[in-house]
Amino acid sequence: MPPRIPIRPRALRLAVSRPLSTTATAHYASVATASTTTPAPPLHNVRAVPPVLRYPPTQPPSHKPPEVRKTQLHRQYQSLLKSSPLILIFQHNNVKAVELMSIRRELAIALRKVDAERAKNGDADAALADEIKLQIIQTGIFASALRIVEFFNPDADDLASAQHPTDPRTQSSAQIPNLTADGEFKHGLSRRAYEIANNKKLKLELEPLLSGPLAVVAFPSVTPQYLKTVLSILSPSSPDFPAPKRRVVPDYYDPSVQTGLQKLMLLGARVEGKVFDVAGTKWVGGIDGGIDGLRAQVVHMLQGVGGSLTSALEGASRSLYLTVEGRRMDMEEKEKPAEETKDESA
């Protein structure tokens, strides 16, 4: 068998065999020399180019994987804390699914009755029964989300670390959403928020209550009327928060409901960022007439302050008038005997 001779293509043979010309070599050498000796542009002409975004503007990258359930719960709890000015905190001990379902059913029925009463009074637009729900939370994740809501303020950090207006980094970061002047993301799942959440030196007022299995009832607004209804269902106490009567609501006294309520214990509340104990929570729920009654009390208090101020001012002027009038009458009485003696001598 004859030996195999490798044969290369004709174009490749020509390219290999044909050497570069002297002119081409000189041209390439001149181009390389020119490229290496080109002076840099002046600094005042350099413009900072914003970095190219590698993510959608509405979905900035998070420190932890966003598809993990813990991350989604963290985001959900942050939204709950920011949008709920009133949150009740309960401790539950081995509440079964059937018991929890029965409690939620009775709570929804009672809240719909409050909506019906407010609709009769002309407040049909303020129906909140569908937005107030009892939900079980993960205590550790909820505490971490609360620490971020309380202590993480990206706008303040951005102002504290702001650079000079002519700094290119400040200009480029201002063009990127969800980014601070230091180039850090400022959403609730960023690395900066993660560091604040893990900072154990930051103490929460609600921290003594965040232990064990917890459940919360979130309110979209501070409404004492709805709060009173929730306390009457979940944590009844006479005489301010009595439980519904058996003949009116017989389903409330089902064994599943009563057994589940015995496993719920009210710990406190978070009202407008402030922590209230059980007594303070019941005080908020015991305001007569709800928010309208609270407004009436404020108006009455302001009217009383105005009336007392008016009476104080009038009392000062009246006392001054009486003093001047008494002095005038005293001087007139002293002048009368002198005039009488002159008339007698005449």
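This report walks through a strand, a helix start and a surface patch in a predicted model.

## Strand β1 and its neighbours

Let's start on the inside. Strand β1 covers residues 86–92, and seven of its seven residues are buried, so the rest of the structure largely encloses it. Neither face is left open: L86, L88, F90 and H92 are buried on one side, while I87, I89 and Q91 are buried on the other. As background, side chains in a regular strand alternate between the two faces of the sheet.

β1 has partners to pair with, too. Strand β3 (residues 214–219) pairs with β1 in the antiparallel sense over six bridges, and one of the matched pairs there is I89 with V216 of β3. Strand β4 (residues 264–271) also runs antiparallel to β1, joined by seven bridges. Here F90 has L266 of β4 as its bridge partner.

## T139 in helix α5

T139 sits in helix α5, which spans residues 139–151. Its relative accessibility is 16%, so T139 counts as buried, the cut-off being under 20%.

What does T139 touch? Leaving aside residues up to four places away in sequence, T139 contacts L210, S211, G212, P213 and L214. With G212 there is a polar link as well: a polar atom of the T139 side chain lies 2.6 Å from the backbone oxygen of G212.

## A nonpolar patch on the surface

Now to the outside. V298, M301 and L302 make up a nonpolar surface patch of about 290 Å². L302 belongs to helix α12, residues 290–345. With 55% relative accessibility, L302 counts as exposed, because the cut-off for that is over 50%.

How values were computed:
Residues are numbered from 1 along each chain as its sequence is written. This is a predicted model: local features need pLDDT of at least 70, side-chain atom pairs count only at pLDDT 80 or more; totals for chains, interfaces and linings use all residues. Side-chain values use heavy atoms; hydrogens and water are left out. Patches are made of residues with over 30% relative accessible area and no salt bridge: like charges are joined within 9 Å, nonpolar side chains (Val, Leu, Ile, Met, Phe, Trp, Tyr) within 5 Å. Accessible areas come from the Shrake-Rupley method with a 1.4 Å probe; for residues, only the protein chains shown count as cover. A salt bridge is a side-chain nitrogen of Lys or Arg within 4 Å of a carboxyl oxygen of Asp or Glu. Helices (H or I, at least four residues) and strands (E, at least two) are DSSP runs, numbered from the N terminus. Buried means under 20% relative accessible area, exposed over 50%, partly exposed in between (1.4 Å probe, protein chains only). A polar contact is a pair of N or O atoms within 3.5 Å; within protein, one must be able to donate a hydrogen and the other to accept it, and residues adjacent in sequence count only if both atoms are side-chain atoms. Contact means heavy atoms within 4.5 Å. Two strands pair if DSSP finds at least two bridges between them.
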